[in-house]
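Trainee: I have a model open and would like to talk it through with you. Could we take it piece by piece?
Mentor: Gladly; ask away.

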Amino acid sequence: MKNLIKHFKCDDSIDSMLEALNDDAGIIIDDVMSDKQLLNIKMELDPFLKRTSCGQDNFTGFKTKRVGALIARSKTSRDLALNPMINEMAEKFLEHHCDNYQLHFTSAINIGPGETPQILHRDRGVWGGYVPRKIETQFSAIWAVTDFTFENGATQIVPGSHKWDKDREPKPDEIAYAEMKAKSVLIYTGSVLHGGGENNSKESRLGVFLHYAPSWLRQEENQYLSCPPEIAKDFSPELRKLIGYSKGGYVLGFYTDPKDESGELESVSPSRLFNDQRDEYSRIESASELVKESLKKGI
Ligand SMILES: O=C(O)CCC(=O)C(=O)O
Ligand SMILES: [Fe+2]
């Protein structure tokens, strides 16, 4: 018997979804994307998928293609990244460990016919295992662009494995498969065991991965290079802030324009690159409040 992932509808309460996410570390919300978004995202990704080669190792998959820089390349990915329901959930999920969160990773992952199962892993491993488990590092969304089926490589997820000892391995019947219709979204966390599925069908399985993380962690996909200022200048301040053109704390992530002759772009927020309003960290109540706040989690 296969283990199952709980399904939700868009009008279910965010709290009920978060409760299930805290219990299982993986849930599916059905029918979130519009028909138009589905049509558009396929068109936007198609040229990049055509020209991209498959992975070069067992982890990325010899029959799997990955396309990044989705914020720069795909208007619909920008809209999905800003989806209000997903962002409300991301904020509530991550807020216990940070004052703010950011977009951390974008990728369109296309698992081709004949692909073997990806090794099960925890995405929090990107930081080399140094972040203590009590800190949840990622809130991740996989938007289904094709149907995800057991046969075509639906993501393997081990519900509840975020609470397991790091060395425990799942029995076959503990592995669930994120079977969902195109337009649905799988939400999972950085601590749950998961991996791409085996594709025994004749079609490809395509998902758009948009992951969020606390704004004090280094992003997996470097957004300043994948979406440089000359592209980001045309986005909304909200999207720019989400991808990291903002400070993550009073001094975290400031920059100085090396060519500035006015003296005004010394130690400022990246939001100043675009003349965006001051960000929330630009003013402090008092130095002693600032120091007290910075110690609130007991460092
Ligand atoms: O393609 C998938 O379903 C999962 C891919 C994945 O987990 C990864 O590459 O880290
Ligand atoms: Fe992964």
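Trainee: Which are the buried residues of helix α5 (residues 84–94)?
Mentor: Keep in mind that this is a predicted model. Burial here takes 20 or more other C-beta atoms within 10 Å of a residue's own. In α5, the buried residues are Ile86, Met89, Ala90, Phe93 and Leu94.

Trainee: Why do the buried residues of α5 line one face of the helix?
Mentor: Look down the axis of α5 and follow the directions of its buried residues. They line one face because they fall within an arc of 110 degrees.

Trainee: And what do the buried residues of α5 pack against?
Mentor: One helix is on the list, namely α1 (14–24). The others are strands, and the full set of packing partners is α1, β4, β5 (139–144), β8 (185–189) and β10 (205–214).

Trainee: Let's take β8 from that list. How many of its residues are buried?
Mentor: Val185, Ile187 and Thr189 point one way from β8, while Leu186 and Tyr188 point the other way, and all are buried. The strand is therefore largely enclosed by the rest of the structure. The count of buried residues in β8 is five of the five.

Trainee: Which residue in β8 is the bridge partner of Ile27?
Mentor: Strand β2 (residues 26–30) pairs with β8 in the antiparallel sense over four bridges. β5 also pairs antiparallel with β8, over five bridges, and there Trp143 stands opposite Val185. For Ile27, the bridge partner in β8 is Ile187.

Trainee: Now β10. Which residue of β10 does Leu103 stand opposite?
Mentor: Ten of the ten residues of β10 are buried, so this strand is largely enclosed by the rest of the structure. β4 pairs with β10 in the antiparallel sense over ten bridges, and six bridges join β5 to β10, again antiparallel. From β5, Phe139 stands opposite Tyr212. Leu103 stands opposite that residue too, Tyr212.

Trainee: Is Gln219, in the loop between β10 and α6 (223–226), buried or partly exposed?
Mentor: Leaving aside neighbours within four places in sequence, Gln219 is in contact with Gln102, His104, Ala213 and Gly244. Burial needs 20 or more C-beta neighbours within 10 Å. Gln219 has 19 inside that distance, so the residue counts as partly exposed.

Trainee: Which strands are the edge strands of the open sheet with the order β7-β6-β9?
Mentor: Three strands form this sheet, and the pairing is antiparallel. Strand β6 (residues 156–157) is joined to β9 by two bridges, with Gln156 opposite Gly195. An edge strand here pairs on one side only, and the edge strands are β7 (176–177) and β9.

Trainee: Which strands each supply at least two residues of the shell around ligand 1?
Mentor: The residues around ligand 1 are Ile109, Ile111, Gln118, Asp123, Thr155, His194, Gly195 and Gly196. By class, this shell has two nonpolar, five polar and one charged residues. The strands that each supply at least two of them are β4 (101–111) and β9 (194–195).

Trainee: Last one: how far apart are the C-alpha centres of domain 1 and domain 2?
Mentor: The domain assignment divides the chain into domain 1 (6–214) and domain 2 (247–299). Taken between their C-alpha centres, the distance is 32 Å.

Methods: Residues numbered from 1 in each chain as written. Chains lettered and ligands numbered in written order. Predicted model: local features only at pLDDT ≥ 70, side-chain atom pairs only at ≥ 80, totals over all residues. Near = placed C-beta within 6 Å. Nonpolar A, V, L, I, M, F, W, Y, C, P; charged D, E, K, R; others polar. Buried ≥ 20, exposed ≤ 12 C-beta atoms within 10 Å, placed from the backbone. Arc of directions from axis to C-beta. Contact = placed C-beta atoms within 7 Å. Pairing = 2+ DSSP bridges. Domains from an automatic or database assignment.
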